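Colleague: Can you walk me through how the protein meets the DNA here? Pull it up first.

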Number of protein chains: 2
Amino acid sequence: MRDAGAGSNRSERRDAAENRRRILNAAITLFEQHGVQPVSMNQIAIEAQIGSGTLYRRYGNKSELCLDLIKDNMFLLFEDITAYMAQNRADPPSQRLTGLLRLFIRFREKKAQLLKGVEESGPGDRLRYRTRNPLYNELHQLIVGLFDEMGAGQAQPNSVFKADMVLMALSSDAYSFQRDVRGYSPELILEKICSTFVS
Amino acid sequence: MRDAGAGSNRSERRDAAENRRRILNAAITLFEQHGVQPVSMNQIAIEAQIGSGTLYRRYGNKSELCLDLIKDNMFLLFEDITAYMAQNRADPPSQRLTGLLRLFIRFREKKAQLLKGVEESGPGDRLRYRTRNPLYNELHQLIVGLFDEMGAGQAQPNSVFKADMVLMALSSDAYSFQRDVRGYSPELILEKICSTFVS
DNA sequence: TATATAAACGGAGAAGTCTCCGTTTGTCAA
DNA sequence: TTGACAAACGGAGACTTCTCCGTTTATATA
């Protein structure tokens with residue numbers, strides 16, 4: 001799990017590995033101290049005692065750095081999800097979807113700041129959709145599967161689109177909006193999503 | 001329509017009005033020439049031959065400037081919508097919703113770049129939701145009304161939430177994703193939205 | 001017309017992201 | 001052990017967004 005950091009190339013040079021550790025440690029320290037959003041890449045470089053060029057060669061932006069920081073937790077989430085899906089394979093798909101979303105929402109509550117950090121790429125958005133991070137595709141596939149099961153009889157289950165909508169509803173922006181502006185609790189949001197998309 | 005620019009205070013000083021014209025002209029010129037996203041506030045200030053402080057006092061960020069540039073078109077859109085709603089008040093609400101969304105999608109296709117400019121506020125997102133621009137509340141209210149009509153019999157129509165979801169689906173990010181990544185046409189997106197949320 | 005004054009101006013500069021490129025350094029083969 | 005050299009380093013600097021504040025100016029009032 002340590003050297004899966006940025007794709008498994010031919011082994012990493014020792015100084016590079018050392019710097020990666022320093023970067024991650026610095027980021028963790030600063031994020032714990034000030035939160036994710038207000039910490040700049042420069043601050044991280046300084047805290048890690050490396051040049052900013054070095055930082056940027058490894059992580060093209062803060063988003064990538066945040067991603068590296070929650071990768072481990074993401075693996076754990078997927079283990080939980082996989083276990084849940086296996087244990088409850090007899091339940092109707094709508095119920096499994098609820099369970100899956102509940103796990104994800106729990107994760108999102110715990111890692112809200114980093115997740116937000118992952119989803120925003122900074123200024124000059126180069127044609128990147130906030131929706132495209134590794135989490136997305138994995139979850140999307142699972143959800144499409146469940147919608148397909150639910151709509152097995154229908155002509156057009158529209159599972160791909162519906163899954164996109166569900167995940168959109170769980171993006172940092174939409175989710176925080178429901179939390180903070182609409183004032184809904186996580187459990188209520190889950191309920192509303194299910195009642196809207198499962199019906 | 002000219003002096004409704006930023007709220008109707010006691011009349012605008014002549015030099016200020018002049019500068020506003022210059023800013024808007026500069027922005028239009030540059031946006032036509034290079035597109036919205038790659039043009040910086042500095043470039044606009046230079047093209048308008050004013051100091052950047054002057055530009056920023058009038059428009060706190062590019063988003064506000066873009067908003068001013070489509071305001072007129074937004075009014076036209078709302079006129080269209082109001083007319084449509086009046087002419088078709090006898091139709092079932094689901095059909096009126098489709099019509100409303102079709103009008104909005106047409107608008108969004110025409111003003112895609114500026115709309116994207118409006119929705120992104122630049123780096124350092126100060127607790128602002130991409131979803132909060134004037135368009136949002138107006139449309140949201142209309143859509144909530146239609147959902148309420150549709151679900152008049154049900155216990156929890158969840159109209160507010162559903163309206164949020166529909167508008168989320170029509171945000172620049174989600175919409176472009178469906179267009180560019182999923183490869184759906186505007187008409188197909190409209191269909192999918194309706195079949196997902198109207199059921 | 002003169003003048004006080006609130007409003008508007010403008011540009012230096014703080015702080016951030018990210019690139020470029022000359023320098024340094026691990027590593028591997030000889 | 002010794003080069004050779006790809007890889008990694010680092011910081012200057014280009015370009016942004018946005019603020020601060022001393023200066024200028026349009027306008028209302030006397």
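Modeller: Sure. A polar contact is a pair of N or O atoms within 3.5 Å; within protein, one must be able to donate a hydrogen and the other to accept it, and residues adjacent in sequence count only if both atoms are side-chain atoms. This is a predicted model, where local features need pLDDT of at least 70, side-chain atom pairs count only at pLDDT 80 or more, and totals for chains, interfaces and linings use all residues. Residues are numbered from 1 along each chain as its sequence is written, chains are lettered from A and ligands numbered from 1 in the order in which they are written, and side-chain values use heavy atoms, with hydrogens and water left out.

Colleague: Which part of DNA strand D does A:Gly51 lie 3.3 Å from?

Modeller: For A:Gly51, the atom involved is a backbone N or O. A:Arg57 uses a polar side-chain atom instead, 3.1 Å from a phosphate oxygen of strand D. The partner of A:Gly51 is likewise a phosphate oxygen.

Colleague: How many residues surround DNA strand D?

Modeller: Count a residue as near if one of its heavy atoms lies within 4 Å of the strand. Among the closest are A:Arg13 and B:Tyr56. The total is 23 residues.

Colleague: What relation do chains A and B have?

Modeller: Superpose them by least squares on the C-alpha atoms of residues with pLDDT of at least 70 in both. A rotation of 179° with 0.0 Å of shift along its axis puts A on B, RMSD 0.1 Å. That is the relation of a two-fold axis.
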